[in-house]
Amino acid sequence: MSSSRRRQIRCSTSAVRRSEEAFVTGILTSAEDFELARPWHLTDAADFDAYLLDTAVLLADALRVFGTVQARMFHPADFADFCLLHGLDPAESSARDRYLVNPALQTQLLPYRGEELSGDFLPRLVRAREGGLTLRHADLLLDGALCGPDGADPEVRMLHDRAAEVFRRMLVGAGCGAYELRCVVEGPGGRLEAQARVLHWEDGVVRINDEDLDLVCAVLCAGLYRELPGAALLHGVQGSAAACGEYRPVAWAWRSTGLDWTPAALQLDEIDARPGFSLGTVC
């Protein structure tokens, strides 16, 4: 194994059988972050492209050996703040291990199943970091019931189910197509935002990344729990190949006063949307 791969950012938990261990790694997601991290000697790779090649080999090896492989974005500013807060030397491997397995950051972890790093996986890591920070904010608004060790209390579980049902009705009402949902809730401490890319097939099957679904439901749930105003916009292309290739751009929107979501015309992130369909009419 090359020295570059040996010094890759990683850690694993101990277990009785190696196949049941969890392998956790942090991945630098841009050339800019790679340069910022150079002083810590996280890797011997000469440049970011070489670093990604080494990382891909490391992950492939991990998949063959470990039962679970997970990754999260290695964010230089977050790591520097973490080391400052805990009095750690960022050049020490023990500091990187503590940063990677910090319980407060577990929501940023993604399972790795052999995806191409340069494809959608690196952007997903970036979104997972942003989503993890939003989940922590939502958890504060939910009085710790979202990420707490004992799970959600009955009221939060009920509202979480209601939030998931709101999302489901938006997708069912939209019909088959390729969409992006964006939702915001105006909460104390700042706005909570979530977005999700969705493929809705002709047979009713919906494809969405798990972390995006979790984030959307958490944001909607926090809005319901605290009765906070919010807005949601679903836009994309409606249609399918089964309908003779008929596709049309759509953009629907809804507002919430904190209790119910109703159709409303609005602009969100420079996208203009007309009032959506009534969610109460969707089964």
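In this predicted model, E165 is partly exposed, with a relative accessible area of 28%, and its side chain forms a salt bridge with R168 in which the closest N and O atoms are 2.8 Å apart. That pair belongs to a set of twelve salt bridges held by the structure, within a protein chain that contains eight helices and twelve strands. The points below take up the chain as a whole, then the charged pairs, a buried arginine, a nonpolar surface patch and several loop residues.

**The chain as a whole**

- Of the 283 residues in the protein chain, 47% are buried, and the chain exposes about 14200 Å², of which carbon and sulfur atoms supply 53%.
- When contacts between residues at least 6 apart in sequence are considered, 61% of them join residues that are at least 24 apart.

**Salt bridges**

- E165 and R168 both lie in helix α7, where they are three residues apart, about one turn of the helix; R168, like its partner, is partly exposed, and its relative accessible area is 32%.
- R38 and E35 are joined through their side chains by a salt bridge with an N to O distance of 2.8 Å, and the two residues are partly exposed, R38 at 36% relative accessibility and E35 at 44%.
- A salt bridge of 2.6 Å, again taken from N to O, brings together the side chains of R191 and E186; R191 counts as partly exposed at 42% relative accessibility, and E186 does so at 33%.
- Besides these pairs, a network of salt bridges links three residues, namely E115, R124 and E211.

**A buried arginine without a salt bridge**

- R72 lies in strand β3, which spans residues 68-73, and this arginine is buried yet has no salt bridge.
- The nearest side chain of opposite charge to R72 is that of D78, at 5.3 Å, and this separation does not qualify as a salt bridge because the definition requires a side-chain nitrogen of Lys or Arg within 4 Å of a carboxyl oxygen of Asp or Glu.
- Polar partners of R72 are nevertheless present: a polar contact of 3.0 Å joins its side chain to that of Q108, and a polar atom of the R72 side chain lies 3.4 Å from the backbone oxygen of Y99.
- Once neighbours within four places in sequence are set aside, the residues in contact with R72 include T25, G26 and I27, together with L100, L105, L109 and L125; Y99 and Q108, the residues that supply the polar atoms described above, are also on that list of contacts.

**A nonpolar surface patch**

- L199, W201 and V205 form a nonpolar patch on the surface, and together they have about 260 Å² of accessible area.
- Within this patch, W201 is placed in the loop between β6 (190-200) and β7 (206-207), and the tryptophan is partly exposed, with a relative accessible area of 41%.

**Loop residues with positive phi**

- H41 has a positive phi of about 55° although it is not a glycine, a feature to be read against the general background that most residues other than glycine have a negative phi.
- The position of H41 is in the loop between α2 (31-36) and α3 (48-65), where the histidine is partly exposed, with a relative accessible area of 47%.
- E227, which is likewise a residue other than glycine, has a positive phi near 55°, and its place is in the loop between α8 (210-226) and β8 (230-240).

**The loop between α6 and α7**

- D153 lies in the loop between α6 (117-141) and α7 (154-174), and this aspartate is partly exposed, with a relative accessible area of 32%.
- D153 and L142 are eleven residues apart in sequence, and the distance between them in space, taken from C-alpha to C-alpha, is 9.8 Å.

Definitions and conventions
Residues are numbered from 1 along each chain as its sequence is written. This is a predicted model: local features need pLDDT of at least 70, side-chain atom pairs count only at pLDDT 80 or more; totals for chains, interfaces and linings use all residues. Side-chain values use heavy atoms; hydrogens and water are left out. Helices (H or I, at least four residues) and strands (E, at least two) are DSSP runs, numbered from the N terminus. Buried means under 20% relative accessible area, exposed over 50%, partly exposed in between (1.4 Å probe, protein chains only). Lys and Arg count as positive and Asp and Glu as negative; His and the chain ends are not counted. A polar contact is a pair of N or O atoms within 3.5 Å; within protein, one must be able to donate a hydrogen and the other to accept it, and residues adjacent in sequence count only if both atoms are side-chain atoms. Contact means heavy atoms within 4.5 Å. Patches are made of residues with over 30% relative accessible area and no salt bridge: like charges are joined within 9 Å, nonpolar side chains (Val, Leu, Ile, Met, Phe, Trp, Tyr) within 5 Å. Accessible areas come from the Shrake-Rupley method with a 1.4 Å probe; for residues, only the protein chains shown count as cover.
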